[in-house]
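This briefing covers the ligand site of one protein model. The structure is shown first, followed by the points on the site.

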Amino acid sequence: MRKFQHYIDGRFEEGPASFESRNPATGEVWALMPDAGRDGTDRAVKAAHRAFTDPAWADLTATQRGKLLYRLADLIAANVPALAAIETADTGKIIRETSSQIAYVADYYRYYAGLADKIQGAYLPIDKPGMEAWLRREPIGVVAAIVPWNSQLFLSAVKLGPALAAGCTIVLKASEEAPGPMLDFARLIHEAGFPPGVVNIITGFGAECGATLTSHPLVSRIAFTGGPETARHVLRNSAANLAVTSLELGGKSPIVVFSDADIDSAANAVVAGIFAATGQSCVAGSRLLVQRDLKDRFLEILARKAGQIRIGDPQQKETELGPLATERQRDRIEKIVAASVTAGARLITGGKRPDGFDRGFYYLPTILDCTGVNSPSVDEELFGPVLSVLAFDDEDEALRLANATPYGLASGVFTRDLARAHRLVRKIRAGIVWVNTYRAISPIVPFGGYGLSGFGREGGLDSILDYTRTKSVWLKTTDDPFPDPFVMR
Ligand code: NAD
């Protein structure tokens with residue numbers, strides 16, 4: 001059995017305790033993970049705090065920080081197969097996706113590497129004679145980065161990349177559900193040559209490790225990705241340290257398909273939106289809104305495509321749909337689908353475990369027609385391969401349904417009518433609108449949600465500023481004595 005270690009203050013170490021991690025494709029324990037608990041988490045934060053002002057890191061120029069990040073990117077690119085195999089073993093995510101995503105993660109680090117020496121302060125045209133004033137932009141301090149189990153290398157890149165480019169130090173808490181890829185990634189941090197304590201990678205459970213980290217008095221910034229319920233804990237924890245916090249949360253993203261769309265392309269995008277990554281994606285297009293006169297034909301196409309998806313061992317390149325990450329997650333999906341069918345939703349395809357998969361946490365690609373029905377699958381984030389379908393008559397109704405959710409992470413619009421596309425882009429309440437495409441991401445384009453999908457944006461030029469704060473500097477340039485002390489200057 002493989003045994004993973006924490007990375008604290010530049011050293012690899014066992015946890016005070018450990019726990020087992022199961023391979024979702026077999027249901028069997030495949031690795032032993034360290035548990036940082038409260039003490040290990042506290043030590044990691046203290047190491048990051050010490051490293052923040054240590055000249056080995058604090059005195060590096062921005063360009064030197066960028067070079068470290070470029071080195072890290074090259075190491076990631078050279079280690080894609082090893083990292084992808086671990087992520088697939090721990091999460092069940094198919095190797096096709098983990099390999100391509102991790103290869104792209106290298107480009108995310110390159111993007112932030114290039115930004116490191118483009119963080120600029122400002123010289124201010126002060127309105128007072130005999131004074132100079134300027135702004136310094138300084139790294140914010142110790143960052144607590146918390147990620148869920150899906151796409152951890154990617155979700156941590158959009159936190160570590162800007163934080164390191166800006167000169168912060170970090171404690172990253174990998175998800176206890178599947179910490180393998182992040183703990184292994186620490187090897188590359190070490191090899192790239194980041195000074196001890198600059199990046200610390202630990203794992204453990206929410207109530208101990210997560211809570212200690214997010215309430216720690218030495219933490220200045222929290223970058224959290226996960227579910228809204230956990231986010232509420234994180235915000236409550238951060239009342240202790242008043243850390244600047246960003247939240248990337250879940251979604252119930254709509255894909256709106258009009259009858260004039262390129263139908264086959266739209267169907268492929270819907271498949272990508274809900275069945276890629278076995279639907280375990282924050283931007284999963286889990287609500288299909290389809291124009292009524294197209295619905296039956298479109299569902300036929302979708303059901304055919306869903307039936308052709310190759311289910312299997314996620315480590316095999318040809319596999320298109322792997323298992324769900326946890327047994328608990330599959331049980332929850334089964335319950336919600338059953339409740340939806342009881343509520344009147346019509347099962348178009350799937351709705352059960354695939355035949356021949358006695359081991360592992362597999363679930364068939366599932367389509368539920370929920371038109372005219374009060375189905376729980378329409379409202380709850382399932383984080384699985386379950387598509388809820390609703391028909392609409394016109395643009396107004398499409399928009400009303402698209403916005404009928406407290407979430408607002410992503411959305412898709414499929415139409416050949418450019419003017420209509422623009423109208424919907426303006427009116428959909430979501431942080432991302434994909435028009436005639438879906439599930440495209442880039443370090444260059446900000447990512448984040450409205451409403452219960454959280455606040456803050458990751459990616460894009462401005463995201464690096466979220467890891468800095470300004471310091472206003474005033475300098476008197478005359479030798480005149482300080483004037484009347486009882487009047488504000
Ligand atoms: P989760 O909220 O259960 O856990 C996320 C992380 O929070 C884990 O590392 C967990 O240990 C930690 N945690 C738990 N309790 C904590 C506490 N009290 N204090 C601090 N940390 C605590 O999420 P999950 O089930 O692992 O992941 C699925 C969720 O993540 C879904 O809602 C999904 O949509 C969301 N997600 C969002 C994005 C995005 O970028 N918007 C990306 C991926 C996943």
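Of the 29 residues around the ligand (a heavy atom within 4 Å of it), the nearest are Glu-176, Gly-227, Thr-230, Leu-249 and Glu-381. The model is predicted: local features need pLDDT of at least 70, side-chain atom pairs pLDDT 80 or more, and totals for chains, interfaces and linings use all residues. Numbering runs from 1 along each chain as its sequence is written, and side-chain values use heavy atoms, without hydrogens and water.

**Polar contacts** (N or O atom pairs within 3.5 Å)
- Polar side-chain atoms of Thr-230 and Lys-173 lie 2.6 Å and 2.8 Å, respectively, from an oxygen atom of the ligand.
- A polar backbone atom of Leu-249 is 2.7 Å from a ligand nitrogen atom.

**Cover**
- On its own the ligand has 860 Å² of accessible area (Shrake-Rupley, 1.4 Å probe), and the protein covers 87% of this.

**Shell**
- The shell residues comprise 13 nonpolar, twelve polar (Gly counted here) and four charged.
- Helix H8 (206-215), strand E11 (221-225) and helix H9 (228-237) each supply at least two of the shell residues; helices are DSSP runs of at least four residues and strands of at least two.
- The ligand lies between domain 1 (2-249 + 449-473) and domain 2 (254-435), because both give residues to its shell; the bounds come from an automatic or database domain assignment.

Conventions
Polar contact = N/O pair within 3.5 Å; in protein donor to acceptor, adjacent residues only side chain to side chain.
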